[in-house]
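Colleague: Could you take me through one part of this model in close detail? I would like the residues, the partners and the cut-offs together.

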Amino acid sequence: MDILGTSDPYVKLNLTADKLPAKKTTIKKRNLNPEWNEKFKFVVKDPQSQVLKVQVFGWDKVGAHDRLGMQLVPLKLLTQSETKEFTLDLLKDTNISNPQDQKERGKTVVELTYVPFMQDSCKFDVPVGGYGRKESGIDRSSDDGNLSGSGLLSVMVHGAEDVEGEHHTNPYAFILFRGEGRKQR
């Protein structure tokens, strides 16, 4: 939230162990309860170990964008091909013992669906009298719904509520004097 009591939030998403750039929602100007309803797709290499990192930032025209809060969602919490909605309490960082995480930072709502890639397991045999192909069918990742193998993660970012809480404890002003700007806390 800026000094006027508003914020220009957007969400940044990325998977751990993924070298690709993060994906971002649009910026919602002057809104502490934004609604995005934007969908993103990620290629997952290892759903048992990868984690979706959800960060809410406040866009700032001058300087670095302020991270308002974040949360992590381990993909192993998902069941393949089943959509699950999460309402995430935003934290300052991943350090659970951080006293600043006790402050209300708002919530964000995301919907996740993991669908494993289907693999066509073909076995090639050489029959007597010529060449042929013997198919064993489709090898599904798992029959019990547990995640294994690579696949596609769909993320729907619905919105956020009470971004940065009711009372901003770290306001600042940007002062411009004779062409020189300074951020004052």
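Modeller: What follows starts from one strand, E3, and works outward to its surroundings.

This is a predicted model: local features need pLDDT of at least 70, side-chain atom pairs count only at pLDDT 80 or more, and totals for chains, interfaces and linings use all residues. Numbering runs from 1 along each chain as its sequence is written, and side-chain values use heavy atoms, with hydrogens and water left out.

Some context comes before the strand. The protein has zero helices and 12 strands. Both kinds of element are DSSP runs numbered from the N terminus: helices are H or I with at least four residues, strands are E with at least two. Buried residues make up 35% of the 185 residues. Buried means under 20% relative accessible area, exposed means over 50%, and partly exposed lies in between (1.4 Å probe, protein chains only).

Now E3 itself. The strand covers residues 35-44, and its side chains alternate. Trp-36, Glu-38, Phe-40, Phe-42 and Val-44 point to one face and are buried. Glu-35, Asn-37, Lys-39, Lys-41 and Val-43 point to the other face and are not buried. In a regular strand the side chains alternate between the two faces of the sheet.

Just ahead of the strand sits Arg-30, in the loop between E2 and E3. Its phi is near 45°, a positive value in a residue other than glycine. Most residues other than glycine have a negative phi. Arg-30 is exposed, at 62% relative accessible area.

Which strand runs antiparallel to E3, joined by eight bridges? It is E10, residues 151-161. Two strands pair if DSSP finds at least two bridges between them. Within this pairing, Glu-38 stands opposite Val-157 in E10.

Stay with E10 for a moment. Leu-152 lies in this strand. At 27% relative accessibility, Leu-152 is partly exposed. Setting aside neighbours within four places in sequence, Leu-152 is in contact (heavy atoms within 4.5 Å) with Lys-41, Phe-42, Val-43, Thr-113, Tyr-114, Val-115 and Phe-117. The first three of these names fall within E3, residues 35-44. The C-alpha atoms of Leu-152 and Thr-113 are 8.1 Å apart, and the two residues are separated by 39 places along the chain. After E10 comes Asp-162, in the loop between E10 and strand E11 (173-177). Asp-162 has a positive phi of about 50°, although it is not a glycine. At 44% relative accessibility, Asp-162 is partly exposed.

Next, the buried side. The largest nonpolar core has 25 residues. Such a core is a set of buried Ala, Val, Leu, Ile, Met, Phe, Trp, Tyr and Cys residues joined through side-chain atoms within 4.5 Å. The residues with the most contacts inside this core are Leu-13, Phe-42, Leu-52, Leu-112, Leu-153, Val-155 and Val-157. E1, E3, E4, E5, E6, E7 and E10 each give two or more residues to the core.

Phe-42 also meets a charge. The charged end of Lys-23 sits over its ring, 4.9 Å from the centre. That label requires NZ of Lys or CZ of Arg within 6 Å of the ring centre and within 35 degrees of the ring normal.

Leu-13 ties several of these names together. Leaving out neighbours within four places in sequence, its contacts are Ala-22, Lys-23, Phe-40, Phe-42, Leu-52, Lys-53, Val-54, Val-155 and Val-157.

One more step out, to E1 and E4. Seven bridges join E1 (residues 9-15) to E4 (residues 51-58), and these strands run antiparallel. Leu-15 stands opposite Leu-52 in E4. Four strands form an open antiparallel sheet in the order E2-E1-E4-E5. E2 (23-24) and E5 (66-74) stand at the edges with a single partner strand each, so one side of each has no neighbour in the sheet.

The structure holds one aromatic pair. The rings of Tyr-10 and Phe-57 have centres 5.6 Å apart and planes at 15°, so the pair is stacked. Rings of Phe, Tyr and Trp (its six-membered ring) pair if their centres lie within 6.5 Å; planes under 30 degrees apart are stacked, over 60 edge-to-face, and the rest tilted. Tyr-10 is in E1 and Phe-57 in E4, 47 residues apart. Both are buried.
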